[in-house]
Amino acid sequence: MAGRGKLIAVMGDEDTVTGFLLGGIGELDKHRRPNFLVVEKETSLAEIEETFRCVGGEGSPGGFWRPEGGRGAREDVGMILISQALAEQIRPAVAAHARALPAVLEIPSKDHPYDPARDSVLRRARGLFAPDELR
């Protein structure tokens, strides 16, 4: 990673991920692991959560974003864009993510508009400031 910036990872439904891929963020690392996950009806919650934990810098035994038998998380990702509807499905994992990098940003999808009241990252950011400072 010397001399290179960090990647943006995206997790969401097919339309959301395709839009970002058309924008040019798709990349495979040297182990052929993508920096995106298209979630379909058949995708299990366990796979979604494991992928989030792996790209989020937390270790787990296997994983979609790791080489076979690989250890350690992806360290080349600086930001995770995750659709808010998907983040709701794995809310405990998203809420437990406390590292600065990769930053987690919940985004709207075609079928689910953004709801600031459900965004755990925004709630944490608001907690850093006193109400008077937000005006």
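**Pocket, cores and helix α2**

Helix α3 gives the largest share of the lining of the largest pocket, namely three residues. Everything here comes from a predicted model, in which local features need pLDDT of at least 70 and side-chain atom pairs count only at pLDDT 80 or more, while totals for chains, interfaces and linings use all residues. Residues are numbered from 1 along each chain as its sequence is written, and side-chain values use heavy atoms, with hydrogens and water left out.

The largest pocket has a volume of about 380 Å³. A pocket here is an open set of points on a 1 Å grid over the protein atoms alone where a 1.4 Å probe fits, with protein on both sides within 12 Å along at least five of seven lines; lining residues have an atom within 4 Å of a point. The volume is the space filled by probe spheres set on the points, which are joined across faces, edges and corners. Of its 17 lining residues, G12, D13, E14, V39 and E40 sit closest to the centre. Both α1 (14–22) and α3 give two or more residues to this lining. Helices and strands are DSSP runs numbered from the N terminus (H or I, at least four residues; E, at least two). By type, the lining splits into four nonpolar, six polar and seven charged residues; Ala, Val, Leu, Ile, Met, Phe, Trp, Tyr, Cys and Pro count as nonpolar, Asp, Glu, Lys and Arg as charged, and the others, Gly among them, as polar.

Turning to the interior, the largest nonpolar core has 16 residues, of which M11, F52, I80 and I82 touch the most other members. Such a core is a set of buried Ala, Val, Leu, Ile, Met, Phe, Trp, Tyr and Cys residues joined through side-chain atoms within 4.5 Å, buried meaning under 20% relative accessible area (1.4 Å probe, protein chains only), exposed over 50%, and partly exposed in between. I80 is in contact (heavy atoms within 4.5 Å) with A9, M11, F52 and V55, among others, leaving aside neighbours within four places in sequence.

In α2 (45–55), I48, T51, F52, C54 and V55 are buried. They lie on the same side of α2, because they cover an arc of only 165° around the axis, taken from the directions from the helix axis to the C-beta atoms. The buried residues of α2 pack against β1, β2, β3, α3, α4 and β4.

S83, in strand β3 (residues 77–83), is buried at a relative accessible area of 3%.
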